[in-house]
Amino acid sequence: MKNKVTFIMNPSELGAGTRGASMGPGAIQSAAREKESTLFGEHEIRWIPEHNFLLDQENRFPHAKHIDGIVQIFDSLIEEIKNCQNRQEFPIVIAGDHSSGGGTLAGVCAANPGKRVGVIWIDAHGDLHSPYTTPSGNVHGMPLATALAEDNIDYARNQPAPETVQHWNALKNAGGSSPKIEAQDLVFMGVRDTEKEENAIIDSKGIRNYTVAEVREKGIAQCLQEIEQKLSACDLIYISFDVDSMDPELTSHGTGTPVPNGFTPDEAKDIILGLLENPKTSCFELVEVNPCLDEKKNKMAETAFDIIQEIVQKLSDVSWNN
Ligand SMILES: [Mn+2]
């Protein structure tokens, strides 16, 4: 049984389309300090080296902006997740933009070779684009395609340059395996803003999405029971929580791409705490807090911190796999 948490802070915002998500991890720490919480003093904190200086240079990769730096970030995340595994500690990753999720997931797979990894992606978006299909070039819209090794060539709208493709292949192969997960082992929750290129993958691979409406209608407990059943063949589960899965009116617009009609903060918390009761859950990540965009001072970071605090409390109450 693991009983220790390590925070992995990844202040990269290379994958985001608006600036400021690099300050998300710091804003969450500030929210903690404002409440005079000692949570971040009670656990190991590992900071991923950032490459945000690339944002001060001309972008060389229009179809996967700053992907050269993101390759480095993936490698650092893999290293830290492996270190957590060696120390028998539970990693809580707090990251700027959601491209981080691809690296964390690569790390979970690399730290557990031969194990089947399930993913619960709580998000307003599908994050299934590739350099071939992206309308924006922002890599935070691509992390799941790195894990699924999904170029989605049938829906290509771009012709990425060879150097871009080389880096993209590095992301897909990060940690030494590709694909890292099967589409049937991926569950969406709260996804409500996708593009046709992503819908094609969701439809053809039958990726299950628990909408906000379905979760409310069935109840969280019933949905989580179904998810546990669906992922019963998986050895490990990784939870990726994008704060834009929550309703911006009930939180704030302190995130890069807010979408109306999301989960309430209490619903998000109950979902995550429920998922942590599954002993297979091995890693949690929270992303996309952007204090520069917050119209309610530091509200999104405060909301995120409340959730993180409850997660750490919960983890001290439950035991889970190796
Ligand atoms: Mn996302």
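Hi everyone. Let me start with a term: when I say helix, I mean a DSSP run of H or I that is at least four residues long, and helices are numbered from the N terminus. With that in hand, please keep in mind that what we are looking at is a predicted model.

Let's begin with helix H1, which covers residues 24–34. Right after H1 comes Glu 36, and the phi of Glu 36 is positive, near 55°. As background, most residues other than glycine have a negative phi.

Which residues of H1 are buried? They are Gly 24, Pro 25, Ala 27, Ile 28, Gln 29, Ala 31 and Ala 32. The cover over these buried residues of H1 includes E1, E2, E3, E8 and H10.

Let's stay with H10, residues 299–315. The axes of H1 and H10 lie 8 Å apart, and the two helices pack at an angle of about 75°. An angle of 65 to 115 degrees counts as roughly perpendicular, and H1 and H10 are therefore roughly perpendicular to each other. On the H1 side, the contact is made by Ala 27, Ile 28, Ala 31 and Ala 32, and on the H10 side by Ala 301, Glu 302, Ala 304, Phe 305 and Ile 308. Sorted by class, the contact of H1 with H10 has eight nonpolar residues, no polar ones and one charged.

Another residue to find in H10 is Lys 314. Is Lys 314 buried or exposed? Lys 314 has a relative accessible area of 18%, and because buried means under 20%, Lys 314 counts as buried. Leaving aside residues up to four places away in sequence, Lys 314 touches Leu 273, Leu 276 and Glu 277.

Now for a second pair of helices. H2 runs over residues 67–86 and H3 over residues 100–111, and their axes come within 8 Å and cross at roughly 40°. That makes H2 oblique to H3. The crossing of H2 past H3 is right-handed. From H2, the residues that take part are Phe 74, Leu 77, Ile 78, Ile 81, Lys 82 and Gln 85. They meet Ser 100, Gly 102, Gly 103, Thr 104, Ala 106, Gly 107, Val 108, Ala 110 and Ala 111 in H3. By class, the contact of H2 with H3 divides into eight nonpolar, six polar and one charged.

Next, the metal. Which residues are the protein donors of the manganese ion? They are His 98 through ND1, and Asp 123, Asp 127 and Asp 242 through OD, lying 2.0 to 2.3 Å from the ion. Along the chain, these donors follow the spacing H-x24-D-x3-D-x114-D. Take the pair His 98 and Asp 123, which links distant parts of the chain, 25 residues apart. You can find His 98 in the loop between strand E3 and H3, and Asp 123 in the loop between strand E4 and helix H4. His 98 counts as buried at 0% relative accessibility, and Asp 123 counts as buried at 0% too.

Let's move to Ala 16, in the loop between strand E1 and helix H1. Ala 16 is buried, with a relative accessible area of 6%. Ala 16 and Asn 138 are 122 residues apart in sequence, and their C-alpha atoms are 5.8 Å apart in space. If we skip residues up to four places away in sequence, Ala 16 touches Asp 97, Asn 138 and His 140.

To finish, some backbone details in the loops. His 66 is not a glycine, and its phi is positive, near 60°. His 66 sits in the loop between strand E2 and H2, and His 66 is buried, with a relative accessible area of 9%. Lys 297 also has a positive phi, near 55°, and Lys 297 lies in the loop between strand E8 and helix H10. Is Lys 297 buried or exposed? At 76% relative accessibility, Lys 297 counts as exposed.

And one last peptide bond. Most peptide bonds are trans. The bond from Ser 178 to Pro 179 is cis, with omega near -10°. Look for Pro 179 in the loop between helix H5 and strand E5. Thanks for listening!

Methods:
Residues numbered from 1 in each chain as written. Predicted model: local features only at pLDDT ≥ 70, side-chain atom pairs only at ≥ 80, totals over all residues. Heavy atoms only, no water. Axes fitted to C-alpha atoms, helices over the stretch in contact; angles between N-to-C directions. Parallel < 35°, antiparallel > 145°, perpendicular 65-115°, else oblique. Left-handed = near helix turned anticlockwise from the far one by under 90°. Contact = heavy atoms within 4.5 Å. Nonpolar A, V, L, I, M, F, W, Y, C, P; charged D, E, K, R; others polar. Buried < 20%, exposed > 50% of the residue type's maximum accessible area, 1.4 Å probe, protein only. Donors = N, O, S within 2.8 Å, 3.2 Å for Na, K, Ca; no water.
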